[in-house]
Amino acid sequence: MSIITIASSKGGPGKTTVTMILALMLTERKVPFALIDADPTLALSDWARDKCEPEIPCIIATKEDAMVDAAFAQDAKGLVVLIDTAGFDNPTTRGAITIASHVLVPVGVGASDIMQAEATARNIALFGKQQRRPIDAKALLNKQTRTRASQFVFDEAHKLSISPLSATFGQRIAYPEISLTGVLPGPGAAKEEIDAVYDELAGLGWFKIEEDE
Ligand SMILES: Nc1ncnc2c1ncn2[C@@H]1O[C@H](COP(=O)(O)OP(=O)(O)OP(=O)(O)O)[C@@H](O)[C@H]1O
Ligand SMILES: [Mg+2]
């Protein structure tokens, strides 16, 4: 079983972009998956329907009970389940973290990003405690540049209570483009970063699905 929730208590660090990238990578690698849009802005589901060719099925479930039912139903089919959540704390996001096998927390480059990532990490730990099981989580440094601000976020991220992936995403035009084109970037720096993030998560067992029974 693999329910992967992409979450952050801050708006805009790249949750939806990262979810799009994972969906396209799972498609490329032929790993069966389901997409759930739990964010009322519906950015992910609009993209999956309007930009992707062929369309990627995406379940809209912005209410907590519908989201939980959808995630468990897709998980029961042996699919990797990706859940994109809202950029603010709400019951649906809390629920999506609580039922997750893994939580991915994108961290942008901004003064408040580290604080917000730590707040998200504390929530993940709390929901795990309530369930008497640790919830596996990783931070993903996004929008990295060769600036002192990026270096600061990079250094501070390694002090977070959730560890960052070694692979990171740079600040690149190729990423916003994915939201317009519905396809992964061609060979180049962005695709190398995407492959590295995917391979690291795959190596951690995040995309493991049940074999046919
Ligand atoms: N690595 C990147 N390089 C450049 N732009 C990026 C990168 N990642 C995301 N963006 C852009 O940053 C903006 C916010 O990204 P995105 O919508 O994925 O964040 P989000 O966390 O889902 O936001 P929200 O909390 O509002 O749902 C978008 O315009 C997106 O295209
Ligand atoms: Mg979003």
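The exercises below work through a predicted model of one chain with a ligand.

**Exercise 1. Describe the fold of the chain in outline: how many helices and strands are there, and in what pattern do they follow?**

Solution.
- Step 1: count the elements. The chain holds eight helices and six strands.
- Step 2: read along the sequence. The pattern is β-α-β-α-β-α-β-α-β-α-β-α-α-α.
- Step 3: test compactness. The radius of gyration is 16 Å, close to the 17 Å that the globule rule gives for 213 residues, so the chain is as compact as a globular protein of that length.
- Step 4: take the outer dimensions. Along the principal axes, the C-alpha atoms fill a box of roughly 50 × 40 × 30 Å.
- Step 5: look inside. Buried residues account for 44% of the 213. Of the contacts between residues at least 6 apart in sequence, 74% join residues at least 24 apart.

**Exercise 2. Characterise the shell around ligand 1: which residues come nearest, and which elements give two or more residues?**

Solution.
- Step 1: list the nearest residues. The shell has 17 residues, and Lys15, Thr16, Thr17, Gly87 and Pro176 come nearest.
- Step 2: assign elements. Helices α1 (15-28) and α7 (174-181) each give two or more residues to the shell.
- Step 3: sort by character. Four residues are nonpolar, nine are polar and four are charged.

**Exercise 3. Analyse helix α8: which residues are buried, and against what do they pack?**

Solution.
- Step 1: check the length. Helix α8 runs over residues 189-203, 15 in number. From first C-alpha to last, α8 reaches 21 Å, close to the 21 Å expected at 1.5 Å a residue.
- Step 2: pick out the buried residues. They are Ala190, Glu193, Ile194, Val197, Tyr198 and Leu201.
- Step 3: view α8 down its axis. The buried residues fall within an arc of 130°, so they line one face of the helix.
- Step 4: turn to the other side. The face away from the buried side carries exposed Ala189, Glu192 and Gly203.
- Step 5: find the packing partners. The buried residues of α8 pack against α1, β6 (136-141) and α7.
- Step 6: look past the end. Just after α8, Gly205 has a positive phi of about 85°.

**Exercise 4. Examine the backbone at Pro54, Leu42 and Lys143: where does each residue sit?**

Solution.
- Step 1: take Pro54. Its place is in the loop between α2 (43-50) and β3 (58-60). A cis peptide bond joins Glu53 to Pro54, with omega about 0°.
- Step 2: take Leu42. This residue sits in the loop between β2 (33-37) and α2. Its phi is near 60°, a positive value in a residue other than glycine.
- Step 3: take Lys143. This residue belongs to the loop between β6 and α6 (148-157). Phi of Lys143 is also positive, near 60°.
- Step 4: set the surroundings side by side. Leu42 has 15 other C-beta atoms within 10 Å and is partly exposed. Lys143 has 22 and is buried, because the cut-off for burial is 20 or more.

**Exercise 5. Place Leu82: is this residue buried or exposed, and which residues does it touch?**

Solution.
- Step 1: locate the residue. Leu82 lies in strand β4 (residues 80-84).
- Step 2: count its neighbours. With 27 other C-beta atoms within 10 Å, Leu82 is buried.
- Step 3: list contacts, leaving out residues up to four places away in sequence. Leu82 touches Ile4, Ile6, Thr19, Leu22, Ala23, Phe33, Leu35 and Ile36.
- Step 4: take one distance. Ala100 is 18 residues from Leu82 along the chain, and their C-alpha atoms are separated by 9.5 Å.

Methods:
Residues are numbered from 1 along each chain as its sequence is written. Chains are lettered from A and ligands numbered from 1 in the order in which they are written. This is a predicted model: local features need pLDDT of at least 70, side-chain atom pairs count only at pLDDT 80 or more; totals for chains, interfaces and linings use all residues. Helices (H or I, at least four residues) and strands (E, at least two) are DSSP runs, numbered from the N terminus. The radius of gyration is taken over C-alpha atoms; the globule rule is 2.2 Å times the number of residues to the power 0.38. A residue is buried if 20 or more other C-beta atoms lie within 10 Å of its own, exposed if 12 or fewer, and partly exposed in between; C-beta atoms are placed from the backbone. Two residues are in contact if their C-beta atoms, placed from the backbone, lie within 7 Å. A residue is near a molecule or strand if its C-beta atom, placed from the backbone, lies within 6 Å of it. Ala, Val, Leu, Ile, Met, Phe, Trp, Tyr, Cys and Pro count as nonpolar, Asp, Glu, Lys and Arg as charged, and the others, Gly among them, as polar. The expected span of a helix is 1.5 Å times one less than its number of residues. The arc is that of the directions from the helix axis to the C-beta atoms.
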